[in-house]
Amino acid sequence: MFLKYPGILLAAAMLLITGCSQTEFEKANGEPLAWESLRGDWVFVNYWAEWCKPCLEEIPELNELDEADNITVLGVNFDGVQGQSLLNLGQKMGIEFTILAEDPAPAFNWKLPVALPATFIVNPAGELVETRFGPQTEQELREMVRSQ
């Protein structure tokens, strides 16, 4: 039957492929985060490090921003700290937004930041629209969202 109707076989194969290719990242606490679950939100992927003073300065701003409707802030430790050490470091630094255990950049072919802090801005359609370097304020990022 499938050879008689190759379109059915192709459609079935496409359904299997797309059903299995959902992008998922591990949070620092071990829970999975489905990238598609963020669709409809502005997503700010922020790269930080313990030794980065400007990173420390912007954390309270990003914590506030993460409380807003339709905005999600995700943190990525630039130094690759993992496991309980990552959770402890996030707590020590006062990070209240979600910390990822893995870097999402390779999955989306984003270039790794060359300076910190770096914030990758993804629109509600899931498209990378901007990359910002240096400390950001809640007000600056909200104004950027409003202007889009």
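Modeller: In this predicted model, rings of Phe, Tyr and Trp, the last by its six-membered ring, pair if their centres lie within 6.5 Å.

Biologist: How many aromatic pairs does a search of the whole structure find?

Modeller: Ring pairs link Phe25, Trp35, Tyr47, Phe108, Trp110 and Phe120 into a cluster. For the whole structure, the search gives a total of 7 aromatic pairs.

Biologist: What is the geometry of the pair formed by the rings of Phe25 and Trp35, stacked, tilted or edge-to-face?

Modeller: The ring centres of Phe25 and Trp35 are 6.0 Å apart, and planes over 60 degrees apart count as edge-to-face. Phe25 belongs to strand 1 and Trp35 to the loop between strand 2 and strand 3, so that distant parts of the chain, 10 residues apart, are linked by the pair. Because the planes of Phe25 and Trp35 stand at 85°, the pair is edge-to-face.

Biologist: How many residues apart in sequence are the parts that the pair of Trp35 and Phe108 ties together?

Modeller: The rings of Trp35 and Phe108 have their centres 4.7 Å apart and their planes at 45°, so this pair is tilted. Trp35 lies in the loop between strand 2 and strand 3, whereas Phe108 lies in helix 4, so the parts tied together are separated in sequence by 73 residues.

Biologist: Is Phe108 buried, partly exposed or exposed?

Modeller: Its partner Trp35, at 7% relative accessibility, counts as buried, the limit for that class being under 20%. Phe108 has a relative accessible area of 24%, and values between 20% and 50% fall into the middle class. Phe108 is therefore partly exposed.

Biologist: How many of the 7 residues of strand 3 are buried?

Modeller: In a regular strand the side chains alternate between the two faces of the sheet. On one side of strand 3, Trp42, Phe44, Asn46 and Trp48 are buried, and on the other side Val43, Val45 and Tyr47 are buried too, so both faces are covered. Strand 3 is thus largely enclosed by the rest of the structure, and the number of its residues that are buried is 7.

Biologist: Which residue of strand 4 stands opposite Val45?

Modeller: Strand 3 and strand 4 pair in the parallel sense over 7 bridges. Between these strands the chain passes through helix 2, residues 53-66, in a right-handed β-α-β crossover. Opposite Val45, in strand 4, stands Leu74.

Biologist: Which residue of strand 6 stands opposite Asn46?

Modeller: Strand 6, residues 118-122, pairs with strand 3 in the antiparallel sense, over 5 bridges. The residue of strand 6 opposite Asn46 is Thr119.

Terms used
Residues numbered from 1 in each chain as written. Predicted model: local features only at pLDDT ≥ 70, side-chain atom pairs only at ≥ 80, totals over all residues. Heavy atoms only, no water. Phe/Tyr/Trp six-rings, centres within 6.5 Å; stacked < 30°, edge-to-face > 60°. Helix = DSSP H or I, 4+ residues; strand = E, 2+ residues; numbered from the N terminus. Buried < 20%, exposed > 50% of the residue type's maximum accessible area, 1.4 Å probe, protein only. Pairing = 2+ DSSP bridges. Right-handed = clockwise from strand over helix to strand, strands pointing away.
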